[in-house]
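Ready for a few warm-up exercises? Have a look at the model first, then try each task before reading its solution.

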Amino acid sequence: MTNYARIQAALAQGWNTWDTRSVLTHVLLPDALGLSLGLKEYYRGTSLRTAQIGRRTEGAETVTLGRHAYDGGFTETTVTWAGITIQVRTAHAGDDLVVLVTPTANQPKSALLTVGVGYLWNRPGSVTREGDRITAEGPGGTVQVFCTAPHVDDPYTDIDGPYLAMELTGAVGISTGRARDLPEIAEIVARAATEIGTAGTDPMAQHREIVRDAISWNTIYEPARSRVLTTVSRLWNVGKRGGYALFCWDAFFNALLAAVSSKELAYVNTVEMLRALTPEGFVPNVEQGTGRKTYDGSQPPVGSLVIRELYRRFGDRWFLEETFAPLLSWNRWWWRVRRDGDLLCAGSTYFDPEFPSPQDVPRIHQHFGATCETGWDNHPVFEDVPFDQAKSLLAAHDVGLNSLYAADCEALADIADILGDRAAAAELRERHAAVVAAMESLWDEPTGIYRSRRTDIGLPTERLSTMSFYPLLAGVGAGERTRRMVSGHLMADDGFGGEWILPTSPRSEPIDLREGTYWAGRAWPPVNFLVYLGLLRAGERSAAEWLAEGSSRLVLKEWNQHRHVHENYSSSHGGACDKPNSEPFQTWGALLSLIVLMERGEVGFFEKGGTT
């Protein structure tokens with residue numbers, strides 16, 4: 001068994017929230033025995049079979065995700081639906097799972113808690129109910145499930161297979177392994193809650209909790225390939241994405257966030273994304289459970305930056321050997337397919353899918369597909385840039401993409417040095433030097449900032465974005481240029497400064513443009529993170545501290561109000577629930593907290609200053 005296979009096997013063990021379809025389902029791996037909680041209310045005759053945070057359909061449940069240990073040793077969730085509110089807390093008792101379900105006051109009297117038990121994902125096993133217990137027989141042996149309240153024999157619970165149903169007139173306990181009474185279950189849960197601790201009102205403890213819970217709640221088991229991985233959002237995995245979705249640069253950010261406490265999770269999130277490599281040799285924008293990959297294009301190349309940092313933290317040479325070849329293939333693909341002169345342009349290459357996904361139809365070989373390759377989707381900075389059909393490229397040398405590519409070349413060359421591949425290291429440093437030299441053409445002296453430049457007319461793009469600070473991450477613009485950018489744009493009130501930072505468009509832009517669409521003007525955690533790394537590399541300590549303070553203010557506002565970790569935030573008022581396309585529990589929201597942990601010295605990432 002390889003090192004990586006051992007890591008996957010070790011992770012896929014025990015009870016945890018492995019099933020992406022519901023936060024109220026706990027699964028025992030490796031057998032895949034699932035214990036799924038649900039609700040039934042009699043006034044309307046309706047049932048809640050699965051629970052998700054962020055569903056926006058009429059009558060959808062409201063979910064608050066609480067603390068979640070990485071190994072599932074403690075979890076807590078609050079669900080409100082159809083006038084019913086329950087708090088669900090779980091803990092491990094050795095190899096067993098215990099669950100404490102507590103209804104709040106003023107519950108409808110005619111409500112049932114249901115506990116469905118079955119082997120998920122068509123895995124072998126048999127389940128039977130006899131009285132108030134359920135017995136499961138699988139490859140790993142026998143598991144029994146008990147409840148502290150009498151079973152209500154209701155044949156209309158809308159559950160397939162054996163289940164237990166109990167009236168929600170008070171707290172209910174569920175346990176596996178052996179029967180436990182309610183006080184014993186409550187004691188086990190209370191002890192686990194004490195062990196995991198609570199952040200309370202301590203901001204630094206809150207940031208640690210944000211990073212842990214954003215990763216823990218979104219780490220799932222993907223049964224088609226029998227693997228553990230972290231996705232950006234549980235809700236995004238279901239429906240049209242077929243069970244899971246891996247997004248390119250999100251996956252590498254997930255790895256960095258996981259690395260705060262779990263080397264193993266950090267490794268699986270890099271390796272699994274790199275294993276999605278297309279036949280053309282690049283990491284796709286997305287791979288999902290329907291079989292879809294974005295064969296037309298990729299996303300920003302941040303993989304080498306992250307993997308080099310993971311090596312610095314953990315020192316496993318085999319991990320570099322596992323990841324180097326796909327990283328090098330990806331780097332070469334950019335230079336081969338997206339180069340126009342000595343700089344890159346984002347693009348979308350035509351391919352003819354046998355079964356075109358409705359998600360691909362609007363993007364293949366089109367302007368929108370090319371902008372998605374930048375990671376910034378529909379940001380207005382691309383509005384004046386035409387799509388060159390002949391070249392399959394946007395007609396602009398993109399300042400963000402070229403900065404990240406230069407940083408990728410540099411990091412990958414360092415990895416090649418460690419592995420003793422002198423030829424690859426020389427090749428990568430030659431490319432790095434060419435890109436860095438060519439990026440001088442992106443400096444706009446009149447405005448005092450780097451900006452994308454049109455390849456068709458030779459002029460800067462009409463609008464600015466926060467990507468103009470990415471050159472700092474590549475070591476470009478040091479000295480006077482950096483000072484001009486920081487004082488004149490980054491921290492300026494009419495630029496990218498202010499209370500709620502960083503807007504992706506300058507504040508001089510009209511408010512309806514800045515807050516009107518998905519990427520326009522809102523504050524995006526990965527942008528803050530990459531700009532922060534650039535400031536570290538440039539030695540701009542005061543600006544880095546300013547950005548860390550602003551990032552803390554931004555993420556804690558929604559956390560303290562709703563316990564949300566959002567995909568993006570308003571740069572006008574700091575909230576995030578105002579937009580339906582801001583996922584409320586998305587992993588990369590925790591990058592804002594990672595900035596703070598790095599700034600306060602609690603996490604030693606990029607201690608050498610940015611990327612050097």
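## Exercises with worked solutions

Proline 30 sits in the loop that links strand E2 (25-29) to strand E3 (33-41); helices (H or I, at least four residues) and strands (E, at least two) are DSSP runs, numbered from the N terminus. This is a predicted model, where local features need pLDDT of at least 70 and side-chain atom pairs count only at pLDDT 80 or more, while totals for chains, interfaces and linings use all residues. Residues are numbered from 1 along each chain as its sequence is written, and side-chain values use heavy atoms, with hydrogens and water left out.

**Exercise 1.** Work out what kind of peptide bond joins leucine 29 and proline 30, then do the job again for isoleucine 501 and leucine 502.

*Solution.* Start with omega. Between leucine 29 and proline 30 omega is about 10°, and the bond is cis. Next, go to isoleucine 501 and leucine 502: omega is about 0° there, again a cis peptide bond. Finally, place leucine 502, and you land in the loop between helix H12 (480-490) and helix H13 (511-514).

**Exercise 2.** Find the sign of phi for asparagine 122 and for aspartate 158, and say where each residue lies.

*Solution.* Asparagine 122 isn't a glycine, yet its phi is positive, at about 65°. Look along the chain and you'll find asparagine 122 in the loop between strand E9 (111-119) and strand E10 (126-130). With a relative accessible area of 78%, asparagine 122 is exposed (buried means under 20% relative accessible area, exposed over 50%, partly exposed in between, with a 1.4 Å probe and protein chains only). Now take aspartate 158: phi is positive and near 60°, in a residue other than glycine. Aspartate 158 belongs to the loop between strand E12 (141-147) and strand E13 (163-167).

**Exercise 3.** Is serine 392 buried or exposed, and which side chain does its own side chain join in a polar contact?

*Solution.* First, locate serine 392: the loop between strand E21 (387-388) and strand E22 (393-394). Then check its relative accessible area, which is 12%, so serine 392 is buried. Its side chain and that of histidine 365 make a polar contact of 3.0 Å (a pair of N or O atoms within 3.5 Å; within protein, one must be able to donate a hydrogen and the other to accept it, and residues adjacent in sequence count only if both atoms are side-chain atoms). Last, list the contacts (heavy atoms within 4.5 Å): skipping neighbours within four places in sequence, serine 392 touches Arg338, Gly347, Ser348, Thr349, His365 and Phe387.

**Exercise 4.** Describe how alanine 192 fits into its surroundings.

*Solution.* Begin with helix H2 (residues 182-196), which holds alanine 192. Its relative accessibility is 10%, so alanine 192 counts as buried. Leaving out neighbours within four places in sequence, its contacts are Gly73, Phe74 and Ala91. To finish, compare chain and space: alanine 192 and histidine 92 are 100 residues apart along the chain, but their C-alpha atoms are separated by 7.9 Å.

**Exercise 5.** Which residues of H6 meet which residues of H8?

*Solution.* On the H6 side, pick out Tyr267, Thr270, Val271 and Leu274; they meet Trp318, Phe319, Glu322, Thr323, Pro326 and Leu327 in H8. Sorted by class, this contact has seven nonpolar, two polar and one charged residues (Ala, Val, Leu, Ile, Met, Phe, Trp, Tyr, Cys and Pro count as nonpolar, Asp, Glu, Lys and Arg as charged, and the others, Gly among them, as polar).
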